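Hi,

Here is the structure I said I would pass on. Have a look at it first, and my notes follow underneath.

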Amino acid sequence: MSNYRRYYINGGTWFVTVNLKNRESDLLVRQIADLRSAIRCVKASKPFQIDAFVVLPEHLHCIWTLPENDCDFSSRWRELKKLFTKSIMCHEVWQPRFWEHAIRDEEDYCRHVDYIYINPVKHDWVTRVKDWPFSTFHRDVRNGIYPVDWAGDTNELEAGERR
């Protein structure tokens, strides 16, 4: 039995990774409308702020901030997984649990947002961050937080070079 304990902070901000059980699946992007609906439903009943989000075919990363008197991100994820699974009428969709990291400070926050936005490039789904449609990167570009060409074009990198 695991002795793992989650770290709960009222009003906290967390980076979370959630994976599908089948890591070869494209279910999350194929059923993106159902995932978005589940997120809206959970947000309506248990509010939270989406700071950053990226959905890839078989996993997702996000940063959420909870209201100042609330620390229960686990029940939100449990409900979101349940609603999505029910909406697509499928069983055993998700890997058990999820991975979370409590954001410590502004530098930690920025590093994790960058990680979220570069993830589709890292996994070779696109060569430019702006080309991945399932990301709050586009919202942050509209809000002037990121330039549209952030991280450049990976096709322009020399062999072995990383940004």
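**What I found**

Of the 163 residues in the chain, 44% are buried. Keep in mind that this is a predicted model. The chain has five helices and four strands, and from the N terminus they come in the order β-α-α-β-β-α-β-α-α. If you take the contacts between residues at least 6 apart in sequence, 68% of them link residues at least 24 apart.

I spent some time on helix α2, which covers residues 32-45. With 14 residues, α2 spans 20 Å from first C-alpha to last, close to the 20 Å expected at 1.5 Å a residue. Its buried residues are Ile-32, Leu-35, Ala-38, Ile-39 and Val-42. Looking down the axis of α2, these fall within an arc of 125°, so they line one face of the helix. That buried set packs against α1 (27-30), β2 (49-55), β3 (59-65) and α3. On the other side of α2 you will find Ala-33, Arg-40, Ala-44 and Ser-45 exposed.

The other thing to look at is Lys-81, which sits in helix α3 (residues 73-87). What does a buried Lys-81 have around it, given that it has no salt bridge? The nearest side chain of opposite charge belongs to Glu-100, and that is 10 Å away. A polar atom of the Lys-81 side chain does lie 2.7 Å from the backbone oxygen of Arg-97. Apart from neighbours within four places in sequence, Lys-81 is in contact with Val-18, Trp-94, Gln-95, Pro-96 and Arg-97.

Cheers

Notes. Residues are numbered from 1 along each chain as its sequence is written. This is a predicted model: local features need pLDDT of at least 70, side-chain atom pairs count only at pLDDT 80 or more; totals for chains, interfaces and linings use all residues. Side-chain values use heavy atoms; hydrogens and water are left out. Helices (H or I, at least four residues) and strands (E, at least two) are DSSP runs, numbered from the N terminus. Buried means under 20% relative accessible area, exposed over 50%, partly exposed in between (1.4 Å probe, protein chains only). Lys and Arg count as positive and Asp and Glu as negative; His and the chain ends are not counted. A salt bridge is a side-chain nitrogen of Lys or Arg within 4 Å of a carboxyl oxygen of Asp or Glu. A polar contact is a pair of N or O atoms within 3.5 Å; within protein, one must be able to donate a hydrogen and the other to accept it, and residues adjacent in sequence count only if both atoms are side-chain atoms. Contact means heavy atoms within 4.5 Å. The expected span of a helix is 1.5 Å times one less than its number of residues. The arc is that of the directions from the helix axis to the C-beta atoms.
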